[in-house]
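Me: Please take a close look at a single part of this structure, the open sheet and what packs on it. A formal account with the cut-offs stated would be appreciated.

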Amino acid sequence: INAEYMGQLLREVHFDSFSLYFLGNPGGESADPKSPEARELVKARFEPVLELTHNHGTEKDPNFVHKNGNEEPKGFGHIGFLVDDVEAACEHVLSLGYELQKKPTDGNMKGLAFARDPDGYWVEIVKRGGYDEHSTPYYVA
C-alpha cells in the first residue's frame, strides 16, 4: 500500500533482466537501499522482509496489459500483513486514500480485510495470532 504503513525500502538491487526490492520495518536501523550496508542489514534481520521482483521488459511493450491476478486470467492473488488491530489498520489505510476490497465486517469470514493498492493488487490485513486457540484468521458471525 505504501512504505510509511507497510514497511520501507530496505534494499534495492538491479540486474540486466530484473530488479529486487526488499521492504520491511527498519526498527531503527537504516542504510542507503543501494549500498553494501543495506545488503548486510537485510541479511542480518530476524524480522520479516518482503522481497518484490520486477522482471524487466513489459514497461517498454506498448501492448502490455496489467493483470492483478484476481481478475481473468487469474494468477498471483495477494500478499498479506499481520497486524495487532485490523479495524485500526483499515482506518489508517482509508485515511491514506486507499480503498478496501473487503471490510472486516463483510462476507462470511469476519475480522479480516483486503485493501487495494494503486495497481489493483489485493493486500490482506490479518489479525496477528488469529481469533481462537487455533489462530484462525477470521471468525464466522
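Reply: The account below treats the model first and then the sheet.

This is a predicted model, in which local features need pLDDT of at least 70, side-chain atom pairs count only at pLDDT 80 or more, and totals for chains, interfaces and linings use all residues. Residues are numbered from 1 along each chain as its sequence is written, and side-chain values use heavy atoms, with hydrogens and water left out.

The chain has a mean pLDDT (the predictor's confidence in each residue, from 0 to 100) of 86, and 96% of its residues reach 70 or more. Helices (H or I, at least four residues) and strands (E, at least two) are DSSP runs, numbered from the N terminus. Among these elements, the lowest mean pLDDT, 54, belongs to helix α1 (residues 3-6). Where pLDDT is low, the predicted coordinates should not be read in detail.

The open sheet has 3 strands in the order β1-β2-β3, with antiparallel pairing; two strands pair if DSSP finds at least two bridges between them. Its edge strands, β1 (8-14) and β3 (50-55), each pair on one side only. On average, neighbouring strands of this sheet are turned by 20° against each other, direction ignored. Strand β2 (residues 18-24) is joined to β3 by 6 bridges, and tyrosine 21 has leucine 52 in β3 as its bridge partner.

Helix α2 (residues 36-43) packs on the sheet and touches β1 and β2, where contact means heavy atoms within 4.5 Å. The direction of helix α2 makes about 120° with that of β1; axes are lines fitted to C-alpha atoms, for helices over the stretch in contact, and angles run from 0 to 180 degrees between N-to-C directions.
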